[in-house]
Amino acid sequence: MPILAPLIARASLIPAAAALAVVAAQPAQAQSANATFFVSSVGPGNGANLGGLEGADKQCQTLAQAAGAGGKTWHAYLSTQAADGKPAVNARDRIGKGPWQNSKGVVIAKDVAELHGTNNLTKQTALTERGDVVNGRGDTPNMHDILTGSQPDGTTIAGNVDTTCGNWTKSGEGAAMVGHSDRTGLDESAPAKSWNSSHQSRGCSLEALKATGGDARIYCFAAN
């Protein structure tokens, strides 16, 4: 029996070692749960018609839930224009105070001011809720056009020109301001490198969005 004792002791360590191995194999899952920012991995399937802000927020919440980060209140980074007696909404006012980190735990901005200043958004950090890199310029297909409807400072674009595809209810005619998630464009200008205010789309349909390098993706932020 004394000889068997060490063997029994070693055997008793096996379940513990196995449990530790399982825990060690789960860092990505834990990091995803702590994420407070991501680029949506898919669009709603109806071009820029997101169902308004409510529908866009729901999409962010649903994707976050599937990735294990549904325990937060998620909002889409989208501006709307004043219409039908309703005031404009600024994207920057919808996303909380920060800081925000991606699904790998990398902080992209500590607060709203930094997000709209010198942030850490790049092709390598603007990841989806699943931790995937979004196709950018030079990739096939290019998907770096992210719907925002915003100016560089995160506010709505005033005037009579549609820059939000009818406040995210149109999937045909119209246009939306988009940003480049990879911070890369046709030249070295500030708009070409802007994550949230690069250029207008050719229309609001999925085909029109794809024509300039997008597929109706949005930025999602944990607002609490």
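Helices (H or I, at least four residues) and strands (E, at least two) are taken here as DSSP runs, numbered from the N terminus. On that basis, the protein has six helices and eight strands. Along the sequence they follow the pattern α-α-β-α-β-β-β-α-β-α-β-β-α-β.

Allow me to state the basis of the values. This is a predicted model, in which local features need pLDDT of at least 70 and side-chain atom pairs count only at pLDDT 80 or more, while totals for chains, interfaces and linings use all residues. Residues are numbered from 1 along each chain as its sequence is written, and side-chain values use heavy atoms, with hydrogens and water left out.

I begin with the protein as a whole. Its accessible surface, computed by the Shrake-Rupley method with a 1.4 Å probe, where for residues only the protein chains shown count as cover, comes to about 10,900 Å², and carbon and sulfur atoms hold 58% of that surface. Of the 224 residues, 45% are buried, meaning under 20% relative accessible area (1.4 Å probe, protein chains only). Contact means heavy atoms within 4.5 Å. Among contacts with a separation of 6 or more, 65% join residues 24 or more positions apart.

I turn next to the interior. In soluble globular proteins, nonpolar side chains tend to be buried together. A nonpolar core is a set of buried Ala, Val, Leu, Ile, Met, Phe, Trp, Tyr and Cys residues joined through side-chain atoms within 4.5 Å. The largest such core has 23 residues, and those touching the most other members are Ala-48, Leu-50, Trp-74, Leu-78, Leu-147, Trp-168 and Ile-218. Helix H3 (52-66), strand S2 (74-76), helix H5 and strand S8 (214-222) each supply at least two of its residues; H3 gives the most, with five. Apart from this core lies another, of 18 residues, including Ile-108 and Met-143.

Which residues does Leu-50 contact, leaving aside neighbours within four places in sequence? They are Pro-44, Gly-55, Ala-56, Leu-78, Leu-147, Trp-168 and Ile-218.

Three polar residues deserve individual attention. A polar contact is a pair of N or O atoms within 3.5 Å; within protein, one must be able to donate a hydrogen and the other to accept it, and residues adjacent in sequence count only if both atoms are side-chain atoms.

The first is Thr-36, in the loop between helix H2 (27-33) and strand S1 (37-39). Is Thr-36 buried or exposed? Thr-36 counts as buried because its relative accessibility is 12%. Its side chain reaches the backbone nitrogen of Gln-101 at 2.7 Å. Thr-36 and Cys-220 are 184 residues apart in sequence, yet 8.1 Å apart in space, C-alpha to C-alpha.

The second is Asp-162, placed in the loop between strand S5 (145-147) and helix H5 (165-168). With 18% relative accessibility, Asp-162 is therefore buried. A polar atom of the Asp-162 side chain lies 3.1 Å from the backbone nitrogen of Thr-164, and one lies 3.0 Å from the backbone nitrogen of Cys-165. Not counting residues up to four places away in sequence, Asp-162 touches Gln-81, Lys-170, Gly-174, Ala-175 and Gln-200.

The third is Asp-215, in strand S8. Its relative accessible area is 15%, so Asp-215 is buried. The side chains of Asp-215 and Arg-217 make a polar contact at 3.1 Å. Beyond neighbours within four places in sequence, Asp-215 is in contact with Gly-43, Met-143, Asp-145 and Leu-206.

Terms used:
Buried < 20%, exposed > 50% of the residue type's maximum accessible area, 1.4 Å probe, protein only.
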